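Open the structure in your viewer and keep the selection tool at hand. The tour makes three stops.

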Amino acid sequence: MLTKFETKSSRVKGLAFHPKRPWILCSLHSGAIQLWDYRMETMIDKFEEHDGPVRGVDFHLTQPLFVSGGDDSKIRVWNYQMRRCLFHLTGHLDYIRTVKFHHEYPWILSASDDQTIRIWNWQSRSCVSVLTGHNHYVMCAQFHPSEDLILSASLDQTVRVWDIAGLRKKTVFSATGSAPSREFQDRRVGSGTNQDLFSTNDFVVKYVLEGHQRGVNWASFHPKLPLIVSGADDREVKLWRMSDVKAWEVDTMRGHINNVSCVIFHPRQEVIISNSEDKSIRVWDMSRQSPPQSLRRETDRYWILAAHPTLNILAAGHDSGMFMFKLHRERPPFDTHRSLCYYYFNRQVRLHDFQSGSESVVCGTRRQTSASSLSAKDATRFLRYNSMNNAEINILLLSDADGGTYELYTIAQDALGQDIQPQRGLGNAACFVSRNRFAVLSQGSRLVLKNFANEPKRTVDLPISNVVNLFPAGVGRVLLVCSDKVLLFDIEARKVLGEVSVQARCPVKTIVWSRDRKYCAIVSKFVIYICGGADLADIATLTENARIKGGAWDTDGVFIYTTSNHIKYCLSTGDSGIIRTLDVPVYITGVRGPGGSTVDCLDRDGQACSFTVDNTEAVFKSALLARRYDDVRRIIQSNKLVGQSIIGYLQDKGFPEVALFFVKDERTKFALAVQCGNIDIALECAQTLQTTDCWAQLAQAALRQGNLQVVELAYQKSRQYDKLSLLYLVTGDTAKLSKMLHIAQMREDAQSRFHHSLMLGNVEERVGVLEQTGNSALAYIVAKSHALSDRVDELHAKLEGAEIADVPGASLLLPPMPIALGSNWPRVHVARGYFDGQAGADGQYEIVEHPEEADSPTAAGPVDVDVSGWGGAEGEVGEDDLMLDVPAMEPGGWGDDLQLDSLPEVPISTSSAQHVDYFVMPTVGHGFARRWLDSAALPCDFIAAGEVQLARKALERMIGVVDYRPLQEHATTISESCRISVPGLPGTSSWSLGLGDSHPVHALNMAACQRRMTEGYRLFMDTSSLEDAARAFRSALAVIPLLEARTRAQAKEAQDAALVCKEYITAARLGIAKNDPAADDNRKCELAALLTCCRLQPVHTFLALYSAVGQAMKLRNFHLAGHCARSFLDLSRSHRLPRSLEAAVDKLKQVARHCDQNDTDASPLSFDPSLPVKIDTAGLRALSGDNVIRCPFCQSEYSPSQKAGSVCVTCQIAGVGNNAQGLFANV
């Protein structure tokens, strides 16, 4: 029995499942009724109106109603949507034991301690009939599921079957539409007497079942067969059969040691379930072919049982609550390979091809159990298929029987559909590890490798003792599942390659690998762990509220999984969402089709099915995070995504410009447009909203970009007259400044008039303002200083001849002549992004590509590489011909005609290259360098601010720099490109201005680094240019610590670029050493093998593997040659081969077959290239053990004997082993 859900409460006396929704009602001895969602494991509602214990509850089949009856002798009818009691029915004189709705008629059936059974019409709210005949408490009563029968059980030691066909004919409309009888109509209007309720013409006691020695507590009809089961205080469970004329006892089941409280038939299996006050639940096989199963509790007595009408779910109420359980697991054991699904059902291993839709039987299992027995749904938990053996079909069936057993089936291709005698054995778990081997987890936590004859070949001691399960992880590897962690274990090396911690409270159910084995999903009851495939690095963790059933990966790296009621997706970043809802749980076997549009599943009945789903949201998020902007644009233009959730997601991930395409609310669209600097869209929204706050925000954003026309409009709309006047002043627009003076006169604002007269040089206006404000003396001085003789006489007369001393040294006060601008002047450069556009006629925004991207060359066809220098021969391959000819690497030997995708060019702004034809007003307060320094957080900020010493300290803290020479050129570029020089007035010096507000505008960006890396890729293809390639990658490395990485995404991109540069520099050094004429053949073979361990692009990996095959065959190292040849062939299945290597495929296949037959090395290496290898960067040799020291910048690895603090050979910047935070670790 499998416990699925449990609640804690007072004693549960009644239970009822909702027929369609995942709900269950619990009536408590405390008088409350609880409504639970058992999938979400949460209580939905609680109903409390009964006075005393509630003993019976039941849902209506179609209406949002349920009925309850309790010790207050009242029957209450509730509407769970309205969350209240609609009415109550009275008539019983004692406790009400059970209440049931009729499945078709508007009837309620109730049984009571007043020794009667009553039928009520809940529509008319009246009692229809009273069934009398029992002479003790009636403990339960129920309707027959299809006939006009009622079953009741009483403490008078009898079970009665009542025929109510007469009552139905009298009270219910017939199918022909005729009305009920006159007698019933009179009764409804009250013309009849109460004796009609007790009329014996309405019902007949068809059978009286006697056989129990004490009171009967429960009796139940079989859902389909003419059977009855009863349980009584005599501790016996009896099975009865009915016919048209009689009923008789069929069987008696003994085993309970106290009163039997409840007994029911399972709705889908031929078993009987009973519970008792002896604190146990028993499951009885009706065919008597299996012993009864038992489940006991230590302290709680059981009182009630309920079974879901369609699902394999049961519930039991006890003294301290309720729990739900299943008799067996419903998940069909299965395993998949491409579009094929092998699964075990009904004692057969079956195969379903989802691509073609065909279904076939692989083999029968010859199990000796009956289909009706309890073990027919046996303990088979897992099925394993050997995908590494294409010659035959190998299947492992794992079960919990006898503490853990396995069965190995080997089926020839021409023997499908036949019964197979399997190889059996004991083991906690098993899985395939190679083409002809499988591993068994013994009960002593040891791994036993066996062949297909079930013969042990080797025993491997595991590094941990509490392993509970095994899962396959490729050739020679297994995943060891413990209670609190999962380990990736290499059987040959007997070494743990990686591990990830899991929650002990949620055991691991299954582990699913992506098709390229880049990711694996560890699935438990409520948690999914997304891990890296190479070392189980913990990438993301997702927690669900509902039970997780399983999942599969699509081709885009999206994990599609199912819960109890949804199909969902999970990205490698941990982001998740709902794809569609489910009516019943299913188990995903695979995902196929474009964008994962088809989900293949198995249901609980072993039926294969497929769903066509709209996976647009998952594909959109995946493409956005992977920067596949063409796919993002296509999805946006399809208009398939809407809603606030996608808008919030884009804002959280830093893509407000993309969120603009989904926003309908004008205020939200305005905020997003301001955030991403899209002034055109922000202006449209502000014109629609027409609020002062929006115009003020728009003015500030437009001013940062120097969009003077929008700034002017925003100042006008928000009536910011002072700012508008200043704008006209600095732009030299005297005509509009004169209008501002006129506005000030109309507003009678003397202070504003005086300021505008100063800015316009209007002396008469100044004199007039001073005179009108009562400052005649000041007006006289201003008029006299500016030689306004008419105004001087007038003012002198007004001052009544008062003598006012002249101001010594007075001169004309005129404003400087502003420089008129013909174009806008940006303070902050906002680049036109990929998704920036303008609204079209239909209100949609047109996506605009970068000009640089449009001009960048791309490689549309297959990559063509000349690999003549890597060796190879034409013609037949014999024993001698397998020695590949590998001459010395000549220039062009690695392929001169390789075409690589170039990245968009981003121009670097320098003082000598930028033409400036505008003027910017000086900043008030501190200079730009001080502003930058106040907000500086990165080395590039300190360099731009001119603080070289602070930049050096920041670099030492971040990456442990010891040699600054490679950084000097790029530091100079940063310092010069963030400043511009503006020519001053004639006779004055020029002004130095900074580009940027709180942060400088940096010329160095990731595009500059990628240009250098692209150049390195090109040079790497020519063996004579390997040193130049290494220099190009070192130049790219020198750019990375000076980048402006202010977000986690930018920091992650920089860190990834550093690791790529490190790998290529190491590979270039290995190629140079391999090309050294002084190196012997053994050393060349070792260098070639190490070169294959570098993580390079596929086109470069092809060349490295091809070269390593030739070197290995020279020394007759067939094991190494076979590994490299197979790796080449495996890589060619998922990546396009260069044209020049297409002819080598057949030859390498012959090499692989030859090496499989001679799997030895004449000159074995000190390491196994098939396992992850650490390379000593200094000595270019394989490192043994995990004790290494690293460069804090590029992460190059060194042996412990390397001198700490010495300059890293790879980057030539940082000190090996220096204590540093790491590249952009604090971002």
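A strand here is a DSSP run of E with at least two residues, numbered from the N terminus. The model is predicted.

**Stop one: a residue in a strand.** Select β20, residues 236-242, and pick out arginine 241 within it. Is arginine 241 buried or exposed? Neither: arginine 241 counts as partly exposed, because its relative accessibility is 33% and that class lies between under 20% and over 50%. Now show its surroundings. Beyond the four nearest places in sequence, arginine 241 contacts Pro226, Leu227, Lys246, Ala247, Trp248 and Val250. Add leucine 225: it sits 16 residues away along the chain, with 8.7 Å between the two C-alpha atoms.

**Stop two: a sheet.** Select β38, β39, β40 and β41, which form an open antiparallel sheet in that order. β38 (429-432) and β41 (456-461) are the edges; each has a single partner strand, so one side of each lacks a neighbour in the sheet. From one strand to the next, the twist averages 20°. Zoom in on β39 (438-441) and β40 (446-450), joined by four bridges. Valine 440 has valine 448 of β40 as its bridge partner.

**Stop three: the cores.** The largest nonpolar core holds 99 residues. Select Leu1037, Ile1040, Phe1128, Phe1193, Cys1211 and Phe1224, which touch the most other members. Helix α24 (1048-1074) contributes the most, with 10 residues. Center on phenylalanine 1224: its contacts beyond four places in sequence include Leu938, Met958, Ile1040 and Ala1051. Apart from this core lies another, of 57 residues, with Leu15, Ile24, Val159 and Phe265 among them.

Conventions: Residues are numbered from 1 along each chain as its sequence is written. This is a predicted model: local features need pLDDT of at least 70, side-chain atom pairs count only at pLDDT 80 or more; totals for chains, interfaces and linings use all residues. Side-chain values use heavy atoms; hydrogens and water are left out. Two strands pair if DSSP finds at least two bridges between them. Axes are lines fitted to C-alpha atoms, for helices over the stretch in contact, and angles run from 0 to 180 degrees between N-to-C directions. Buried means under 20% relative accessible area, exposed over 50%, partly exposed in between (1.4 Å probe, protein chains only). Contact means heavy atoms within 4.5 Å. A nonpolar core is a set of buried Ala, Val, Leu, Ile, Met, Phe, Trp, Tyr and Cys residues joined through side-chain atoms within 4.5 Å.
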